[in-house]
Amino acid sequence: MFQKRAAAIHDISCFGKCSLTVALPILSAAGVETCPIPTAMLSTHTGGFTNIHIRDLTDDILPVANHWASLSLRMDALYTGYLGSFTQLDIVSEVFDKLKGEDTLIVVDPVMADHGKLYGGFSEDFPAGMAKLCAKADVITPNFTEAALMLGEEFVEGPYTKEYVEGLLKRLSALGADTVVLTGVYFDDKQLGAAAYNATTGEYVYAMSEWISGAFHGTGDIFTSVLLSAMLNNCSLQESLQIAADFVSACVKRTRRDHDYMTYGVNFEAELPALTRRLGL
Ligand code: PXL
């Protein structure tokens, strides 16, 4: 068995624990060699800070991918999340074409909105561009806001019903990805988790975990990084979803115990050894 290798195409927010600063350690803890293509460098993420220093790296994405393509590097996964512009969407789409092999899993987390609103800096037509990139993915992981925006539907507040969740999953599946994962699923105020639909098998899968109240920055990135980690360790969709939901819940629980801040990101580092053990490594 070769060691699994993934390309992680995200920005690096130097402070605040999201994007590459969580994808790299999580995938590494899962035994996956992770090769970053930084799309931008920011002093912090954009969710709650001002006067952010930003170095755009859009022009550096393709040269890195071209070099890797010339080396014929095998990539078991191509993983992207927050992308800052239509140009980056087009470039990442091109990177997928260049680096995708026969068995490469393409994971797109369409990070752009939450709580019914687009993040600052994104135009109203950005979700349509992101939906196009999602068509190239094997797995997509929107939250309810991102799902509604990509489908051109009204955002619906929870608690949700199974009928709504499964209808939404099915409509998202028509965008083109074989596996659609919805995050932030809740049917009551005790449990929070995710739901998924696989178009090939027609199965719906749910994974719920203890809900620790509060809004914590970066948990979406942590969820998708753990989900991919489990998938690359040959866990089933159900297992992968459960491992990711439990991991996020454990991080949030630990952070609530240690600190009382939400913008600085959760203490996922302390949970990494448990993740490694849970994956049987
Ligand atoms: O957590 C997603 C994310 C990634 N990168 C940057 C962000 C955000 C969310 O706010 O601002 C730069």
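## Exercises on a ligand site, a pocket and the backbone

The shell around the ligand is made up of 4 nonpolar, 6 polar and 2 charged residues. Keep in mind as you work that this is a predicted model.

**Exercise 1. Find the residues around the ligand, then work out which of them are charged.**

Step 1. Start with the early part of the chain: D11, S13, C18 and S19 are around the ligand. Continue with L42, H45, T46, G47, Y82 and V111, and finish with H217 and D221.

Step 2. Now sort them. Asp, Glu, Lys and Arg count as charged, so the 2 charged residues of the shell are D11 and D221.

**Exercise 2. Which side chains place a polar atom 2.9 Å from an atom of the ligand?**

Step 1. Look at the ligand's nitrogen: a polar atom in the side chain of D11 sits 2.9 Å from a nitrogen atom of the ligand.

Step 2. Turn to ligand oxygen. The side chain of D221 has an N or O atom 2.9 Å from an oxygen atom of the ligand, while for H217 the corresponding distance to a ligand oxygen is 3.2 Å.

Step 3. The solution is therefore D11 and D221; the cut-off for a polar contact is 3.5 Å, so H217 at 3.2 Å also falls within it.

Step 4. Add the surface view: on its own the ligand exposes 320 Å², and the protein buries 97% of this area.

**Exercise 3. Describe the second largest pocket and say which strand gives the most to its lining.**

Step 1. Begin with volume, which is about 220 Å³ for the second largest pocket.

Step 2. The lining has 15 residues, and A40, L42, I54, Y82 and G84 are the closest to the centre. Two of these names, L42 and Y82, also turn up around the ligand.

Step 3. Strand 2 (33-44) and strand 3 (54-56) each provide at least two lining residues. Strand 2 gives the most, with 3.

Step 4. By type, the lining splits into 6 nonpolar, 7 polar and 2 charged residues.

**Exercise 4. Where in the chain are the two partners of the aromatic pair F49 and Y264?**

Step 1. The structure holds 13 aromatic pairs. In the pair of F49 and Y264, the ring centres are 6.2 Å apart with 15° between the planes, and the pair is stacked.

Step 2. F49 lies in the loop between strand 2 and strand 3, and Y264 in the loop between helix 8 (237-258) and helix 9 (272-278). The partners are 215 residues apart, linking distant parts of the chain.

Definitions and conventions. Residues are numbered from 1 along each chain as its sequence is written. This is a predicted model: local features need pLDDT of at least 70, side-chain atom pairs count only at pLDDT 80 or more; totals for chains, interfaces and linings use all residues. Side-chain values use heavy atoms; hydrogens and water are left out. A residue is near a molecule or strand if one of its heavy atoms lies within 4 Å of it. A polar contact is a pair of N or O atoms within 3.5 Å; within protein, one must be able to donate a hydrogen and the other to accept it, and residues adjacent in sequence count only if both atoms are side-chain atoms. Accessible areas come from the Shrake-Rupley method with a 1.4 Å probe; for residues, only the protein chains shown count as cover. On a 1 Å grid over the protein atoms alone, a cavity is a set of points where a 1.4 Å probe fits but cannot get out, and a pocket is an open set with protein on both sides within 12 Å along at least five of seven lines; lining residues have an atom within 4 Å of a point. Grid points are joined across faces, edges and corners, and a volume is the space filled by probe spheres set on the points. Helices (H or I, at least four residues) and strands (E, at least two) are DSSP runs, numbered from the N terminus. Rings of Phe, Tyr and Trp (its six-membered ring) pair if their centres lie within 6.5 Å; planes under 30 degrees apart count as stacked, over 60 as edge-to-face and the rest as tilted.
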